[in-house]
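User: I am new to reading protein structures and keep meeting words such as buried, salt bridge and core. Could you show me how each word is earned?

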Amino acid sequence: MPLPTLLEGRLALPAIAAPMFIISRPELVIAQCKAGIVGAFPSLNARPSGVLEDWLTLLRRELSEADAPFAVNLIVHKTNSRLREDLALCVKYQVPIVITSLGANPEVNEAVHAYGGLVFHDVINDEFAHKAIARGADGLVAVAAGAGGHAGTLSPFALMQEIRAWFSGPLALSGAIANGRSIAAARALGADLAYIGSAFIATEEANAAPAYKQMIVECAARDIVYSNLFTGIHGNYLIPSIAAAGLDPAALGDATPTQMEWGQILGGNKAWRDIWGAGQGIGAVTQIQPVARLVARLQAEYKAALAALGAG
């Protein structure tokens, strides 16, 4: 499908870098945008709340029309007490793309549309996809099984075919995408954009502990466990980090969504702060490197995959 005008001609690779808890800060986002992909960060990573305006000022100063646009992720869940404040700053600085999570909110969509911005909403199934578009989202992020963070459980084949049966707008696919061949596969499934997170944890610009970056390099899909214990919502986490915290990865208990309080979870004071998320695609990550080098590798692999398909 054609890309939105905002993205047309500004991407070196059809990809959005996923906004990651703690990891995604301006240094990483700027590097991603300058490398030619959409860089993104969660607004709640900017703490305390006044820091968000500093970050947006920096991004507006450092990035130009020659770079890919950036995105801010807003948690729309009712427990996010900062939503109104953060949305107001997105409007003030005319954030090009807003990615909403955990609730499709028409007021948020209308506020972003008023200045010409785009709203993508992340979804884990077709029901949520319908709700998001009905409430005014421009595009969707289909979060399939194997994605880092709060991943869904559906195969990308199932999720993409159900959404594309009725939705022809902008669509990104998330789930274990960490090389160029996977980006080509996402496009073949009908996605306009690949949504890539965990591969960027092992970059020099990422705000991750050195041990976290090294664990991404050393681990593979077998080292991931799916649990809702840590936030009340199911997500994928690195088994070695769970074991290091003194827990048995094979005997994790359950939490409930009512235990989720975003101000506390994202405040960095939880007992789980050193339990690290990652997607199942990390087996493709073999070294810690600058963002520019990673994107160049992905681009070369993507072009090679398209050429091989064309030859076939």
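Analyst: Happy to help; we will take the words one by one, keeping in mind that this is a predicted model.

User: Let us begin with S24. Why is S24 called buried?

Analyst: Buried means under 20% relative accessible area. S24 has a relative accessible area of 1%, so the word applies. The residue sits in the loop between β1 (15–17) and α1 (26–35).

User: What does S24 touch, leaving out residues up to four places away in sequence?

Analyst: Its contacts are A18, P19, A40, F41, P42, N45 and W55.

User: What makes the approach of S24 to M20 a polar contact?

Analyst: The limit for a pair of N or O atoms is 3.5 Å. The S24 side chain reaches the backbone nitrogen of M20 at 2.9 Å, which is within 3.5 Å, so the distance fits.

User: Now the sheet. Why are β1 and β2 (39–42) said to stand at the edges?

Analyst: The eight strands are arranged as β1-β8-β7-β6-β5-β4-β3-β2 in an open sheet with parallel pairing. β1 and β2 each have a single partner strand, so one side of each is left without a neighbour in the sheet. From one strand to the next, the twist averages 25 degrees.

User: How do you know that β1 and β8 are paired?

Analyst: Two strands pair if there are at least two bridges between them. β1 and β8 (residues 193–196) share three bridges in the parallel sense, so they count as paired. Within this pair, A17 stands opposite I196.

User: Which strands does α1 touch?

Analyst: α1 packs on the sheet against β1, β2 and β3 (70–75), and its direction makes about 160 degrees with that of β2. Another helix, α4 (residues 106–114), lies across β3, β4 (97–101) and β5 (118–123).

User: What makes K92 and E53 a salt bridge?

Analyst: The nitrogen of Lys or Arg must be within 4 Å of a carboxyl oxygen of Asp or Glu. The K92 and E53 side chains meet at 2.6 Å, N to O, so they qualify. The pair links distant parts of the chain, 39 residues apart, with K92 in helix α3 (residues 83–92) and E53 in helix α2 (residues 51–62). The whole structure has nine salt bridges.

User: Why is K92 called exposed, and why is E53 called partly exposed?

Analyst: Exposed means over 50%, and partly exposed lies between that and the 20% limit for buried. K92 has 56%, so it is exposed. E53 has 26%, so it is partly exposed.

User: How do you know that R222 and D223 also form a salt bridge?

Analyst: Their side chains meet at 3.9 Å, N to O, which is within 4 Å, so the pair counts. With 65%, R222 is exposed, whereas D223, at 17%, counts as buried.

User: And D86 with R82: buried or exposed?

Analyst: D86 has a relative accessible area of 0% and R82 has 12%; each value is under 20%, so both residues are buried. Their side chains meet in a salt bridge at 3.2 Å, N to O.

User: Last word: which residues have the most contacts inside the largest nonpolar core?

Analyst: They are L56, F70, I163, I196, F200, I216 and L238, in a core of 98 residues. F70, for example, touches residues including V29, C33, L56 and I97. A second, separate core of six residues includes V225, L229, F230 and I275.

Terms used: Residues numbered from 1 in each chain as written. Predicted model: local features only at pLDDT ≥ 70, side-chain atom pairs only at ≥ 80, totals over all residues. Heavy atoms only, no water. Helix = DSSP H or I, 4+ residues; strand = E, 2+ residues; numbered from the N terminus. Buried < 20%, exposed > 50% of the residue type's maximum accessible area, 1.4 Å probe, protein only. Contact = heavy atoms within 4.5 Å. Polar contact = N/O pair within 3.5 Å; in protein donor to acceptor, adjacent residues only side chain to side chain. Axes fitted to C-alpha atoms, helices over the stretch in contact; angles between N-to-C directions. Core = buried A, V, L, I, M, F, W, Y, C linked by side-chain atoms within 4.5 Å.
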